[in-house]
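Colleague: I am new to this structure and would like to go through it step by step. Could you take my questions in turn and show how each answer is reached?

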Amino acid sequence: MPTMRDAFGLALTGLAEERDDFIVLDPDVGGGTGINVFKERFPHRVIQCGIAEQNMMSMAAGIASTGLIPIVACYAVFASMRAVEQARNSIAYPNFNVKIAASHLGLDVGPDGATHQAIEDIAIMRAIPNMRVVSPADPVELRAALEVIIDHYGPVYLRTGRSPVSTIFKEGDVGFKFGRSLKLREGSDVTIAAAGVMVKRALMASDTLHKMGIQAAVLNISSIKPIDKTLIIECAKETKAFVTAEDHNIIGGMGSAVCEVLSQHCPAPVEMVGIKDKFGSSGDPEELITLYGIDDASIVEAVKRVIKRKR
Amino acid sequence: MDNKRLLELTTIAKKIRSDIIEMNYYAGSGHPGGSLSCVEIITYLYWEVMNISPEIRTKADRDRFILSKGHSCLALYAALYQKGFFKRDEFKGLRKAGNMLQGHPDRLTTPGVEFNSGSLGQGISFAVGCALGARLCSLSFMTYALLGDGELNEGQVWEALMFAAHKGLDNLIAVIDYNKLQSDDFCENVTSLEPLLDKIKAFNWHVLEVDGHNFYALEHAFDRARKIKRRPTMIIAHTVKGKGVDFMENSPKWHGSIGLSKEEWNIAQKSLF
């Protein structure tokens, strides 16, 4: 199975063959973020910034001011926390055309443990004006999204990932648009809104639920900001219950973004599957997701709970 | 520089000082001390060194000035006004809702401003990015950055210095407005910077030390800096905080965010002329 970071490196390389308007900034983690394949093919289009994320982030804005599009490839913890004030004041506030591609998200990081497991990045980045937040579900969608992100003028935070993932989409089968989500599975009893690695688990949960006679719609919330309000409201009217699923703290993440739409436009009971406001730990991602209750079985349980709460 | 030009620059600097005082009075807050200390540096850059004017402000090859010590924007605004970037009426709206001149520079609202500085340490990194971008895009412009001395407390500054020297960015010239005073107290009492020259030299920059209020000294420094190859230059400019206004000079009280009373404004204007 491919990893999202490898898919990111390959997608960058593919796009770079066609266009020369972007470069990549690397804080000495090229192996970790998946950009080494790009670096081998286009060594002159990678700026080695050293382990100095704060300087890198502000510098990216300076480079953008000369017309190039810098793509900062960084671990999510450092992109969204160590250098967040630079992302805010150097990039988002002056609205410079910088893309931030973050790997190492949530429990998906695995053995490196809590210091490197970003479980707050969505909450942080989506609270910054001008900043868009994207979390593709698989390598195919990531490739489609990357091109749209580079074409868009303005700051974007793109989440990739570290561990191998199953592909969901067939090549050429999926496009990407800001503010649009896709309904991957129809269902009338409940809607599961998922992001990133959790989309596959939501689909697995939906299969299990189907066997139990529960029809669960599945939404892929890859554009977390802007979010697809129309589709969320439509699904809330149809199913009258939601489960959100993310490899992120349940505070402030994609689930919260969905709840913001629901509570304002079409209130419905919600169960949130995510990390319950505690730090991660070392381990194999597959073990960790069970330990922390974000596996497909946890989504099934959340669906059962929310259906009981339906009016 | 001949005597005539020296006199002209001196007159421009006086007008800038007077405008700083005026803006600060209207706004009722702001950072007069650090704005007054960098007047000659900004004057010399905008009138003698840089290729910049309202007509070319969006051209790719314009020279860049990054005010890394963004709180001293009163001096920048006064210079941009005199250069014709915006009208004098804007002074009265400084720091007030719905107006162009923000409490710290905003490139999206104010013509001539290159970067939204104010969060210390970020401007120098941005300037390094401009210089590197120029090289990547084969553009021949120069980037000038002005840092505060207190700003050097920020770790990000030293990341930027290390990186700029590593890349040999000779299209970058930075100036430290070394007025010896930071927000609450003298630099020496907060976190001593000395030996400053040795520190920056050790980061592999070409370093010059000048009297930051002397136009001849600034001329000499910028002339030399622009001839240096394969290394960025740092000009340590020794200045006086609050320069030109007797009761503000060397007083931590006038760092900011503080506004002049009408009486203080009158005394300050008299002390300038």
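Modeller: Accessible areas here come from the Shrake-Rupley method with a 1.4 Å probe. Please keep in mind that this is a predicted model.

Colleague: What share of the surface that chain B exposes do carbon and sulfur atoms supply?

Modeller: The area that chain B exposes is about 10500 Å². Of this area, the part that carbon and sulfur atoms supply is 48%.

Colleague: What share of the accessible surface of chain A belongs to carbon and sulfur atoms?

Modeller: For chain A the accessible surface comes to about 11300 Å². The share of that surface belonging to carbon and sulfur atoms is 52%.

Colleague: How many helices and strands does chain B have, and what radius of gyration does the globule rule give for its 273 residues?

Modeller: Chain B has 10 helices and five strands. Its radius of gyration is 17 Å, close to the value from the globule rule, so chain B is as compact as a globular protein of that length. Along the principal axes, its C-alpha trace spans about 50 × 45 × 40 Å. The value that the globule rule gives for 273 residues is 19 Å.

Colleague: How many helices and strands are there in chain A, and what is its radius of gyration?

Modeller: In chain A there are 13 helices and 12 strands. The globule rule gives 19 Å for 311 residues, and the radius of gyration of chain A is close to this, so the chain is as compact as a globular protein of that length. Taken along the principal axes, the C-alpha atoms of chain A fill a box of roughly 55 × 40 × 35 Å. The radius of gyration itself is 19 Å.

Colleague: What percentage of the residues in chain A is buried?

Modeller: A residue counts as buried when its relative accessible area is under 20%. Applied to the 311 residues of chain A, this gives a buried share of 63%.

Colleague: Where does Thr143(B) lie, is it buried or exposed, and which residues does it touch?

Modeller: Thr143(B) lies in strand S2 of chain B, which covers residues 143-148. Its relative accessible area is 0%, and it is therefore buried. Not counting residues up to four places away in sequence, Thr143(B) touches Arg64(B), Ile66(B), Ala127(B), Cys130(B), Ala131(B), Asn171(B), Leu172(B) and Ile173(B).

Colleague: In which helix is Ile122(A) found, and what separates its C-alpha atom from that of Asn249(A)?

Modeller: Ile122(A) is found in helix H7 of chain A, residues 121-126, and it is buried, with a relative accessible area of 0%. Leaving aside neighbours within four places in sequence, its contacts include Arg159(A), Ile224(A), Glu246(A) and His248(A). Although Ile122(A) and Asn249(A) are 127 residues apart along the chain, the separation of their C-alpha atoms is 8.9 Å.

Colleague: Why is Cys49(A) too far from the closest cysteine sulfur for a bond, and how many disulfides are counted over all chains?

Modeller: A disulfide needs a pair of cysteine sulfur atoms within 2.5 Å. The sulfur of Cys49(A) is 9.6 Å from the closest cysteine sulfur, in Cys74(A), and therefore too far for a bond; Cys266(A) is likewise too far, with its sulfur 10 Å from the closest one, in Cys235(A). Cys49(A) counts as buried at 5% relative accessibility, and Cys266(A) is buried at 13%. Over all chains, the count of disulfides comes to zero.

Colleague: Which residue does a cis peptide bond join to Glu194(B), and which does one join to Lys225(A)?

Modeller: Most peptide bonds are trans. In chain A, the cis bond from Lys225(A), with omega near 0°, leads to Pro226(A), placed in the loop between strand S10 (223-225) and helix H10 (229-239). In chain B, the loop between helix H7 (187-190) and helix H8 (196-202) holds Pro195(B). The cis partner of Lys225(A) is Pro226(A), and that of Glu194(B), with omega about 0°, is Pro195(B).

Colleague: What is phi of Asn95(A), and what is phi of Lys240(A)?

Modeller: Most residues other than glycine have a negative phi. Asn95(A), in the loop between helix H6 (84-92) and strand S4 (99-103) of chain A, is partly exposed at 23% relative accessible area. Lys240(A), in the loop between H10 and strand S11 (242-249), counts as partly exposed at 45%. Phi is positive in both residues, near 55° in Asn95(A) and, in Lys240(A), near 60°.

How values were computed: Residues numbered from 1 in each chain as written. Chains lettered and ligands numbered in written order. Predicted model: local features only at pLDDT ≥ 70, side-chain atom pairs only at ≥ 80, totals over all residues. Heavy atoms only, no water. Helix = DSSP H or I, 4+ residues; strand = E, 2+ residues; numbered from the N terminus. Rg over C-alpha atoms; globule rule 2.2 N^0.38 Å. Buried < 20%, exposed > 50% of the residue type's maximum accessible area, 1.4 Å probe, protein only. Contact = heavy atoms within 4.5 Å.
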